[in-house]
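Reader: Please pick one small part of this model and look at it closely. Then work outward from there, step by step. Keep it brisk.

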Amino acid sequence: MARQLAAVLAIITTLLLGGCGNDYGVDQYGRKVASERLDKQWLVLNYWAEWCGPCRTEVPELNALDEQLKGQSVTVLGVNFDNVQGEELKSASEKLGIKFTVLAQDPSPIFDLPRTEALPVTYIIDDQGKVREQLLGEQTAAGVLAKLQALRGH
């Protein structure tokens with residue numbers, strides 16, 4: 001029984017990591033975030049919280065990065081550390097001035113991310129769904145862009 005369960009879990013994990021129609025839930029406005037939009041893209045995945053001072057300072061940098069990366073197969077995404085949902089998530093995102101997509105569902109199981117205890121934390125995930133970098137602390141647009149370019153070989 002345990003072997004069968006392990007096999008089923010392995011298949012499910014493979015399907016999730018393979019991006020086979022795995023949707024990412026909804027964003028801060030309740031709009032569906034379809035897998036087609038994110039699969040085969042590099043992701044800059046930032047965990048933030050309303051009470052986190054460095055997160056507030058970092059948001060304008062991530063907004064700028066999101067603008068710079070438009071049309072380059074890289075997407076900036078946010079995830080609320082406190083897992084607030086619905087109207088509360090929309091409100092928190094607006095208070096911080098977040099212009100990029102914030103996922104209501106934590107995608108950490110999809111990418112096998114560890115639960116972080118420090119904020120902010122940003123992950124760079126390649127177009128195959130593999131975590132390539134964990135950046136702890138406040139980031140700048142230039143710093144993340146340089147890291148992305150190095151990882152992507154540009």
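Author: Start with Asn83, which sits in the loop between S2 and H4. Keep in mind that this is a predicted model. Asn83 is not a glycine, yet its phi is positive, at about 60°. Its relative accessible area is 48%. The limit for exposed is over 50% and the limit for buried is under 20%, so Asn83 counts as partly exposed.

Lys40 has a positive phi too, near 65°, and is likewise a residue other than glycine. Look for Lys40 in the loop between helix H2 (35–38) and S1. Its relative accessible area is 57%, so Lys40 is exposed.

Now step back to the whole chain. The protein chain has six helices and five strands. Read from the N terminus, the order is α-α-β-α-β-α-β-α-β-β-α. The chain has 154 residues, and 45% of them are buried. Take the contacts with a separation of 6 or more: 67% of them link residues 24 or more positions apart.

Next, go inside. In soluble globular proteins, nonpolar side chains tend to be buried together. Here the largest nonpolar core holds 43 residues. The members that touch the most other members are Leu45, Tyr47, Trp48, Leu65, Phe111, Leu119 and Leu148. Many elements feed this core. At least two residues come from each of strand S1 (42–48), helix H3 (53–68), strand S2 (74–80) and helix H4 (86–96), among others. Strand S3 (101–103), helix H5 (108–111), strand S4 (121–125) and helix H6 (141–152) also supply at least two each. S1 gives the largest share, with six residues. So S2 and H4, which flank the loop of Asn83, both contribute to the core.

Follow Trp48 for a moment. Leave out residues up to four places away in sequence, and Trp48 touches Cys55, Gly78, Val79, Asn80, Phe81, Leu89, Ala92, Ser93, Leu96, Ile98, Val102 and Leu119.

One of those partners, Cys55, leads to a disulfide. The count comes to one. Cys55 is joined to Cys52, with an S to S distance of 2.3 Å. The link is right-handed, with 80° about the S-S bond. Cys52 has 4% relative accessibility, so Cys52 counts as buried. Cys55 has 1%, so Cys55 counts as buried as well.

Another partner of Trp48 is Leu119. The peptide bond from Leu119 to Pro120 is cis, with omega near -10°. Pro120 itself is in the loop between H5 and S4.

Beyond S4 comes another loop. Asp126 lies between S4 and strand S5 (131–136). At 7% relative accessibility, under the 20% limit, Asp126 counts as buried. Leaving out residues up to four places away in sequence, Asp126 touches Gln41, Trp42 and Arg132.

Finish with a pair of helices. Two packed helices are described by the angle between their axes and the distance between the axes. The axes of H3 and H6 come within 8 Å and cross at roughly 45°. H3 and H6 are therefore oblique to each other. On the H3 side, Glu61, Ala64, Leu65 and Gln68 make the contact; on the H6 side, Ala141, Val144 and Leu145 do. Five of these residues are nonpolar, one is polar and one is charged. Leu65 appeared earlier, among the core members that touch the most other members.

Notes: Residues numbered from 1 in each chain as written. Predicted model: local features only at pLDDT ≥ 70, side-chain atom pairs only at ≥ 80, totals over all residues. Heavy atoms only, no water. Core = buried A, V, L, I, M, F, W, Y, C linked by side-chain atoms within 4.5 Å. Buried < 20%, exposed > 50% of the residue type's maximum accessible area, 1.4 Å probe, protein only. Helix = DSSP H or I, 4+ residues; strand = E, 2+ residues; numbered from the N terminus. Contact = heavy atoms within 4.5 Å. Disulfide = S-S within 2.5 Å. Axes fitted to C-alpha atoms, helices over the stretch in contact; angles between N-to-C directions. Parallel < 35°, antiparallel > 145°, perpendicular 65-115°, else oblique. Nonpolar A, V, L, I, M, F, W, Y, C, P; charged D, E, K, R; others polar.
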